[in-house]
Protein chains: 2
Amino acid sequence: MAKARKQQEEELTEDLSTEEKIKEAARTVFTKKGYAATRTRDIAEEAGINLALLNYYFRSKEKLFQQVMSENIQKLFGIILPLVTDATTKLDVKIELIASAYIDLIRQNPDLPLFVLSEIRNNPVQFKNRVPLDKILENSSLIEQLKERRPDIHPVQFLLNVLALCVFPFVSRPIWLAAKVFDEKEFAAAMEDRKRLIPVWVKAMLKAK
Amino acid sequence: MAKARKQQEEELTEDLSTEEKIKEAARTVFTKKGYAATRTRDIAEEAGINLALLNYYFRSKEKLFQQVMSENIQKLFGIILPLVTDATTKLDVKIELIASAYIDLIRQNPDLPLFVLSEIRNNPVQFKNRVPLDKILENSSLIEQLKERRPDIHPVQFLLNVLALCVFPFVSRPIWLAAKVFDEKEFAAAMEDRKRLIPVWVKAMLKAK
DNA sequence: AAGTAATTTAATCATTTGATTAAATCCATT
DNA sequence: AATGGATTTAATCAAATGATTAAATTACTT
């Protein structure tokens, strides 16, 4: 499909269908196999296009990866940081919202956390530049509420706990499925249960002495 | 250093120093960068030997990887499965022992969990063949005790919780270090705190209604 | 329908990388 | 110190892979 704009000689506003198709294919393959194990030919095949077209649109594997990575980080952190900083919700409600939103998000993108964690480890500086986590957490509503509730324990310990309880089951999912401790359906049901259970558990942890 | 045995024409009992040196280098590089991103030349350099020597000892990158992977899985699961199946300890003690042993182990090998989880995802069948997790958990002491304590909740939910609280902080460590939420020393101290806190938290979770 | 720019492709290039080989070096035994 | 097997290396090969190019095709405008 040719572009429908000939007056715009400078433009970059592509007809999105092909470009998006490539990006989605790239997201699928990168997220499943990681950067190094992904061949651009795999992405092209997944997108149903030719290898050269991928470079025509994205210049290089690295540039394509950066775009996908950017959006993945945005997806994974964009959903939680607003909840963490929201000063209008009480602590217990925050935890319910975070658990529910996070489990829903990751259920739809089960490979996302392991991929993002791996790639952040490979390039922490890049992550730091994209997500100013220190600034966001500093004096965030959640951290303040945790300090107030349990001044004796570092507030990030509880943030770690909430994230751990939400994310770790998905990160370790291949283990439970391979070992047939759960099948796909049981796993999904267990994660659904956790949306209700995690807030109960975290409240109990906040009280525990 | 030449071998000190000339009568043994069939042998494989290498003088271990070089072979072990290569394997340790491989463990370091594989664990840090993953299989695909690791070049055999990197391993050779890390080991202070030539590339050909690596193939002389291990035949191929894949074979070397399998050995390292085997030992890594052994390390990560070998320490916890005996505790899970030990019928002589009470539930609360089990949790203390697991948390303490696991955090100690991972503190010494902080890249291990992310590496093993990634590679299990890449090849779940191989993992299944190496660790018969279903057989081990089935009627294991820990699972039985969890069923008895909380018949209303799937026992693996609590196993997930213990592992999540122990492992996830290390898996996400690059995030906290990059964002300067913790420096290395503070992170280590926080993990040390968790050896005491996790059993308290898990007991609270087991009571929570 | 012709012209034109956008899109797509097949073929090819250059580099990287896992692996091999033949020769050199080392070292215990004689 | 000469011998011979064990160990190590430099050089090279072959396949995989990211990227480029020039030509072919498509579809919109006139």
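In this predicted model, the charged end of Lys61(A) sits over the ring of Tyr35(A), at 4.4 Å from the ring centre. A like arrangement is found in chain B, where Lys61(B) lies over the face of Tyr35(B), 4.3 Å from the centre of the ring. In chain A, Tyr35(A) also belongs to a cluster, in which ring pairs link Tyr35(A) with Phe30(A), Phe65(A) and Phe115(A).

Beyond this cluster, the contacts between rings can be followed through the whole structure, which holds 18 aromatic pairs over all chains. One of the pairs joins Phe182(A) and Phe187(A), whose ring centres are 6.2 Å apart and whose planes stand at 70 degrees, so that the pair is edge-to-face. Phe182(A) counts as buried, with a relative accessibility of 4%, and Phe187(A) is buried as well, at 3%. A tilted pair is formed by Trp201(A) and Phe158(B), with 5.6 Å from centre to centre and 50 degrees between the planes. This pair crosses between chains, since Trp201(A) lies in helix 13 of chain A and Phe158(B) in helix 11 of chain B, which covers residues 155-171. Both Trp201(A) and Phe158(B) are buried.

Charged side chains also meet one another, and a search of the whole structure finds 30 salt bridges over all chains. In one of them, Glu20(A) and Lys23(A) come together with 3.9 Å from N to O. The two residues are 3 residues apart in helix 1 of chain A, so about one helical turn separates them. Glu20(A) is partly exposed, at 31% relative accessibility, whereas Lys23(A), at 7%, counts as buried. The contact does not stand alone, for a network of salt bridges links Glu20(A) and Lys23(A) with Glu24(A), Arg27(A) and Glu71(A).

A pair with the same spacing in sequence lies in helix 13 of chain A (residues 184-207), where Glu192(A) and Lys195(A) are 3 residues apart, about one turn of the helix. The closest N and O atoms of this salt bridge are 2.7 Å apart, and while Glu192(A) is partly exposed, with a relative accessible area of 31%, Lys195(A) counts as buried at 18%. In chain B, Arg173(B) forms a salt bridge with Glu184(B), the closest N and O atoms being 3.6 Å apart. Here Arg173(B) lies in helix 12 (residues 173-178) and Glu184(B) in helix 13 (residues 184-207) of chain B, so the salt bridge ties together parts that are 11 residues apart in sequence. Glu184(B) is exposed, with a relative accessible area of 54%.

The open spaces come next. About 660 Å³ of space lies in the largest pocket, which is lined by 40 residues, with Lys33(A), Gly34(A), Lys33(B), Gly34(B) and Ala36(B) nearest its centre. Among the elements that give two or more residues to this lining are helix 1 and helix 4 of chain A, together with helix 1 and helix 4 of chain B. The lining of the largest pocket divides into 18 nonpolar, 13 polar and 9 charged residues.

The second largest pocket holds about 280 Å³ of space and is lined by 17 residues, of which Arg121(A), Pro124(A), Arg173(B), Pro174(B) and Leu177(B) lie nearest its centre. Helix 8 of chain A, together with helix 11 and helix 12 of chain B, each give two or more residues to this lining, and the largest share, 4 residues, comes from helix 12 of chain B. By class, the lining of the second largest pocket has 10 nonpolar and 7 charged residues, but no polar ones.

Methods. Residues numbered from 1 in each chain as written. Chains lettered and ligands numbered in written order. Predicted model: local features only at pLDDT ≥ 70, side-chain atom pairs only at ≥ 80, totals over all residues. Heavy atoms only, no water. Salt bridge = Lys/Arg side-chain N within 4 Å of Asp/Glu carboxyl O. Buried < 20%, exposed > 50% of the residue type's maximum accessible area, 1.4 Å probe, protein only. Phe/Tyr/Trp six-rings, centres within 6.5 Å; stacked < 30°, edge-to-face > 60°. Lys NZ or Arg CZ within 6 Å of the ring centre and 35° of its normal. 1 Å grid on protein atoms, 1.4 Å probe; cavity = no way out; pocket = protein on both sides within 12 Å on 5 of 7 lines; lining within 4 Å. Points joined across faces, edges and corners; volume = space filled by probe spheres on them. Nonpolar A, V, L, I, M, F, W, Y, C, P; charged D, E, K, R; others polar.
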